[in-house]
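Let's walk through this structure together, beginning with one set of pairings between strands and working inward from there. Keep the 3D view open as you read.

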Amino acid sequence: MAELHTDRLVLRRWQESDLEPWASMNADPEVREHLGDVLTRAQSDASVAQFQSEFDQRGYGWWAVQLQATGEFLGFAGLDRVDAGMPFTGVEIGWRLARSAWGQGYATEAALAGLSFGFETLELPEILAVTTATNFRSQAVMRRIGMTRDPADDFDDPTAPEGPLRPNVLYRIARGERA
């Protein structure tokens, strides 16, 4: 499994020591605002087991993100196949960071590393990103990493209940569009 390094971050395999801070993130209503209900510790731990299994099967997935200077766990970032049942297919990029890591450029830095891996190592022709229509912070990251949105691609997430989590936007970037 590839470990990615940026100027400030390490995107790496999950460790036992990540479970507690990951569970704290998933229990934070602000972190989960655009994702749905908070997760229990068991649900959070199960998600890490799933991430590890998918990484073992495919060679890519959701990396744990840590601050290089201190080793502090910040969240996750990476690439995943689009969930079945969506009105499109492909590989999407994503990130989720602890509130203490917001506003410091870490999501952008981790996402750029993920794009590089996706295009250079996996040789993907295109990478997608999806978020709720009201998640302006993530949409700003998508634009910063060079992704574009066509409102005609926006969709209602069939897995989300009626309400603010259902309307979603889709951003794209093709391999040749990278700066």
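This is a predicted model, and a good place to start is strand E8, which spans residues 155-156 and pairs with E9 in the antiparallel sense over two bridges. Within that pairing, phenylalanine 155 has asparagine 168 of E9 as its bridge partner. E9 has other partners to look at too. Strand E7, residues 148-149, runs antiparallel to E9 and is joined to it by two bridges; here arginine 149 stands opposite tyrosine 171. Then there is E6, joined to E9 by seven bridges, again with the strands running antiparallel. If you would like a landmark in that pairing, find leucine 128, whose bridge partner in E9 is arginine 172.

Now turn to E3. How many of its six residues are buried? Six of the six are, so E3 is largely enclosed by the rest of the structure. Its side chains point two ways: Trp62, Ala64 and Gln66 go one way, Trp63, Val65 and Leu67 go the other, and all are buried.

E3 also has strand partners. E2 pairs with E3 over four bridges in the antiparallel sense, and leucine 9 finds its bridge partner there in leucine 67. E4 runs antiparallel to E3 as well, with five bridges joining the two; in that pairing valine 65 stands opposite glycine 75. The hairpin of E3 and E4 has five residues between the strands, and in it glycine 71 takes a positive phi near 80°.

With the strands in place, we can look at what is packed inside. The largest nonpolar core has 34 residues, and those with the most contacts inside it are Leu9, Leu11, Leu74, Ile93, Trp95, Ile127 and Met147. Which elements give two or more residues to this core? They are the strands E2 (9-12), E3 (62-67), E4 (73-81), E5 (91-97), E6 (126-132) and E9 (167-174), together with the helices H3 (106-121) and H4 (136-144). H3 gives the most, with eight residues.

Trp95 is worth selecting in your viewer. Leaving aside neighbours within four places in sequence, tryptophan 95 is in contact with Phe76, Ala77, Ala107, Ala111, Ser138, Val141, Met142 and Ile145. Apart from this largest core lies another one, of 12 residues, including Leu19, Met25, Val31 and Ala64. That last name brings us back to E3, where Ala64 points the same way as Trp62 and Gln66.

Note on methods: Residues numbered from 1 in each chain as written. Predicted model: local features only at pLDDT ≥ 70, side-chain atom pairs only at ≥ 80, totals over all residues. Heavy atoms only, no water. Core = buried A, V, L, I, M, F, W, Y, C linked by side-chain atoms within 4.5 Å. Buried < 20%, exposed > 50% of the residue type's maximum accessible area, 1.4 Å probe, protein only. Contact = heavy atoms within 4.5 Å. Pairing = 2+ DSSP bridges.
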